[in-house]
Amino acid sequence: MEQVILLGFWTSPCVMRVKIALMEKGIEFEYKEEDIFEDQNKSQLLLKSNPIHKKVPVLIHNSRPICESLIILQYIDEVWKHK
């Protein structure tokens, strides 16, 4: 079973872009809201997944993090071609 997690912030258009792509492809995913304004409030998962920029969106597919919305969209199209 595939594990897909999206780390995001509710008002981010970049996160919305990824959410829409996942929903259009019918990919089940777990969404985790992040506090993007305070470094001390960011989750360990975000800090581990995107240690340089510490920003959302981050798509985690089977424990592999993918950062940057356009790269995530390309990844979604390549991995889930059949959907």
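In which loop is Lys54 found? In this predicted model, Lys54 belongs to the loop between H2 and S3, a segment that is best described after the sheet into which it leads.

The sheet is open and consists of four strands in the order S2-S1-S3-S4, with mixed pairing. Strand S2 (30–33) and strand S4 (64–67) occupy the edges and have a single partner strand each, so one side of each is left without a neighbour in the sheet. From one strand to the next, the twist averages 20°. Strands of a sheet pair through backbone hydrogen bonds, in either a parallel or an antiparallel arrangement. S1 and S3 are paired in the antiparallel sense over four bridges, and Val4 stands opposite His61 in S3. Strand S3 (residues 58–61) is likewise joined to S4 by four bridges, and these two strands run antiparallel. Along this second pairing, Val58 has Cys67 of S4 as its bridge partner, Ile60 has Pro65, and His61 stands opposite Arg64.

In a regular strand the side chains alternate between the two faces of the sheet. In S3, Val58 and Ile60 point one way whereas Leu59 and His61 point the other way, and all of them are buried.

The hairpin of S3 and S4 has two residues between the strands, and Asn62 there takes a positive phi near 50°. Ser63, placed in the loop between S3 and S4, also has a positive phi, of about 70°, although Ser63 is not a glycine. Most residues other than glycine have a negative phi. With a relative accessible area of 61%, Ser63 is exposed, because a residue counts as exposed over 50%.

Pro65 lies beyond this turn, in strand S4, and its relative accessibility of 40% makes it partly exposed. When neighbours within four places in sequence are left aside, the contacts of Pro65 are with Ser49, Val58, Leu59 and Ile60, so that its bridge partner Ile60 is one of the residues touched. The C-alpha atoms of Pro65 and His82, which are 17 residues apart along the chain, are separated by 22 Å.

Helix H1 (residues 13–25) lies across strand S1 (4–8), S2 and S3, and runs at about 155° to S1. Two packed helices are described by the angle between their axes and the distance between the axes. For H1 and H3, the axes come within 9 Å and cross at roughly 10°, which makes H1 roughly parallel to H3. On the H1 side the contact is made by Cys14, Arg17, Val18, Ala21, Leu22 and Lys25, and on the H3 side by Ser69, Leu70, Ile72, Leu73, Ile76 and Asp77. The residues of this contact comprise eight nonpolar, one polar and three charged.

In soluble globular proteins, nonpolar side chains tend to be buried together. The largest nonpolar core in the model has 22 residues, of which Leu7, Leu22, Leu59 and Ile76 touch the most other members. At least two residues of this core are supplied by each of S1, H1, S3, S4 and helix H3 (69–79). Ile76, one of the residues through which H3 meets H1, touches Val18, Ala21, Leu22, Lys25, Ile27 and Leu59, not counting residues up to four places away in sequence. Two of the residues named for the most core contacts, Leu22 and Leu59, are therefore among the residues that Ile76 touches, where contact means heavy atoms within 4.5 Å.

The loop between H2 and S3 holds Lys54, Lys55 and Pro57. Lys54 has a positive phi of about 55° although it is not a glycine, and a relative accessible area of 30% leaves Lys54 partly exposed. Lys55 counts as exposed, at 54% relative accessibility. Apart from neighbours within four places in sequence, Lys55 is in contact with Leu46 and Asn50. Lys55 and Arg17 are 38 residues apart in sequence, and their C-alpha atoms are 15 Å apart in space. Most peptide bonds are trans. The peptide bond from Val56 to Pro57, however, is cis, with omega near 5°.

Note on methods
Residues numbered from 1 in each chain as written. Predicted model: local features only at pLDDT ≥ 70, side-chain atom pairs only at ≥ 80, totals over all residues. Heavy atoms only, no water. Pairing = 2+ DSSP bridges. Axes fitted to C-alpha atoms, helices over the stretch in contact; angles between N-to-C directions. Core = buried A, V, L, I, M, F, W, Y, C linked by side-chain atoms within 4.5 Å. Buried < 20%, exposed > 50% of the residue type's maximum accessible area, 1.4 Å probe, protein only. Parallel < 35°, antiparallel > 145°, perpendicular 65-115°, else oblique. Nonpolar A, V, L, I, M, F, W, Y, C, P; charged D, E, K, R; others polar.
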